[in-house]
Amino acid sequence: MRRSILLGLGSYVPDRVVTNEEIPYLDERHERRAEVQTETSDAWIRTRTGVEARRYVPAGGSMACSDLALEASRRAIADASIEAREIDCIIYATLSPDIHFPGTAVFLQSKLGISGEEGCACYDIRQQCSGFVYGLQMADALVRTGTYRRVLLVGAELHSHSLDYSTRGRDVMVLFGDGAGAVVIGPSETDDERAGVLYTRVGADGTGAWDLYLKVFEISKAPYVWYDAADREQNLVKYPQMNGKRVFLHAVRHMVLASQRALSETGLGWNDIDWFVPHQANLRINEAVTQYAEIPPEKVLNSIQLYGNTTAASVPLTLDHWRREGKVREHDRVLATVFGSGYTWGAAIFQI
Ligand code: UT7
């Protein structure tokens, strides 16, 4: 039987470490000022979110989301011991694309040096914090049906340029960081029904769409940009808006249900799972999910303390981080669960 397996894993974060202590001093270009710009504190951020630091790209615009994806992809491709030209499909999950269109997968393809007349399929998907599990479900289906043999799935986000660095936006701003994670997925002929990608299920509830969104423009209206983007008072539309408490409650509920369902539908128990990797939105969310879903705490992997919320990148980035630390090993089985804007959610069980 043909199953899909993870052939390679890689991640990348930019060099600039932004600690909680530095956050109050950042201006709208996330450059450090002498005077306080935002009323917040290390103590609030640490206790309410678990975040201690995050990574940002340089302020000058030298790095796009596809550059973060490129580094993570190169590492995943090297880890898979293949050449970039063997990739026959790219699935790129992001809420922070390089530009409005075309999608960012084609920029990544070009940067990987594999564009041209025989260029591979390029998909962009959204699904925000749930993008990686949505993409894994697509990749799994495409590989198992024999449509593609080497799918590059990348989750990459550049948040730092679109955050509101003022007291008005502090609830959202302190959470997010830049980063990318990638996997290469390919086929394996095996009778082992537990090999590779064992389970994926995703869902969505559009009634939650306005609980976490970023407008920038409304294309149903003309002119669809109607504000002065340089004016901090007018440019609210440029920044993510969140009903934090509602999103928090729904995140806990859906990640608990998705994890429990993943186990009941596969017949697996926690003895069969090496690691639980929840989306990294808030450490308190993950602690609540761990408690309510009765997950052995020693199996839970978090990285939000170091990287903040990197949206579509968070699951592969967390896995790669703990693999580099020597905790996660080849063939370990992971249950990942995600929740994000949309609302969207999902769970997956797969082997590294
Ligand atoms: O990745 C996609 C999914 N996203 C999430 O899952 C995020 C879910 N939501 C959350 O993580 C939390 O709701 C937040 C971290 C965003 C906010 O935490 P909270 O415990 O829900 O705080 P709150 O919004 O109820 O605010 C409590 C207080 C308020 O002050 P008052 O009205 O009590 O005086 C806020 O103005 O904390 C204040 N506050 C802050 N203070 C210092 C909000 N943000 C900050 C801040 N620094 N950064």
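Biologist: Let me start with one residue: how should I read the accessibility of V216, and is it buried or exposed?

Modeller: The general idea is a scale of relative accessible area, on which buried means under 20%, exposed means over 50% and partly exposed lies in between, computed with a 1.4 Å probe and with protein chains only. V216 has a relative accessible area of 31%, so it counts as partly exposed. Before we go on, please keep in mind that this is a predicted model, in which local features need pLDDT of at least 70 and side-chain atom pairs count only at pLDDT 80 or more, while totals for chains, interfaces and linings use all residues. Residues are numbered from 1 along each chain as its sequence is written, and side-chain values use heavy atoms, with hydrogens and water left out.

Biologist: Where does V216 sit, and what is its phi?

Modeller: Helices (H or I, at least four residues) and strands (E, at least two) are DSSP runs numbered from the N terminus. V216 is in the loop that joins β9 (212-213) to β10, and its phi is positive, about 65°, although V216 is not a glycine. E294 is another non-glycine residue with a positive phi, about 55°, and it belongs to the loop between α7 and α8 (304-307). With 64% relative accessibility, E294 counts as exposed.

Biologist: Which peptide bonds are cis, such as the one that leads from F101?

Modeller: The bond from F101 to P102 is cis, with omega near 0°, and P102 lies in the loop between β4 and α3. The bond from G342 to Y343 is also cis, with omega near -15°, and Y343 is in the loop between β12 (333-340) and β13 (344-351).

Biologist: How can I check a helix such as α2 by its span?

Modeller: The expected span of a helix is 1.5 Å times one less than its number of residues. For the 15 residues of α2 (residues 65-79) this gives 21 Å, and the C-alpha atoms at the ends of α2 are 21 Å apart, which agrees. Among the buried residues of α2 are C65, L68, L70 and I77. What covers the buried residues of α2, where contact means heavy atoms within 4.5 Å, includes β1 (2-12), β4 (89-93), α3 (104-111), β6 (151-157) and β7 (179-189). After α2 comes S81, with a positive phi near 55°.

Biologist: What does the same check give for α4, and how many of its residues are buried?

Modeller: The 14 residues of α4 should span 20 Å, and its end C-alpha atoms are 20 Å apart, so the two values agree. Ten of the 14 residues are buried, so α4 is largely enclosed by the rest of the structure; the buried residues include G131, F132, Y134, D140 and V143. G146 follows α4, and its phi is positive, near 80°.

Biologist: What does S130 touch?

Modeller: S130 is in the loop between β5 (121-125) and α4 (131-144), and at 0% relative accessibility it counts as buried. Leaving out residues up to four places away in sequence, S130 touches V338, F339, G340, T344 and W345. A polar contact is a pair of N or O atoms within 3.5 Å; within protein, one must be able to donate a hydrogen and the other to accept it, and residues adjacent in sequence count only if both atoms are side-chain atoms. The side chain of S130 makes such a contact with the side chain of T344 at 2.9 Å, and it reaches the backbone nitrogen of G340 at 3.4 Å.

Biologist: How many residues surround the ligand, and which are the closest?

Modeller: A residue is near a molecule if one of its heavy atoms lies within 4 Å of it, and the same holds for a strand. Here 20 residues surround the ligand, the closest being T40, R48, K245, N282 and N309. Polar side-chain atoms of W44 and of H279 each lie 3.2 Å from an oxygen atom of the ligand. An N or O atom in the side chain of R284 is likewise 3.2 Å from a ligand oxygen atom. Taken alone, the ligand exposes 950 Å², of which the protein buries 73%; such areas come from the Shrake-Rupley method with a 1.4 Å probe, and for residues only the protein chains shown count as cover.

Biologist: Which element gives the most residues to the shell around the ligand?

Modeller: That is α6, with four residues.
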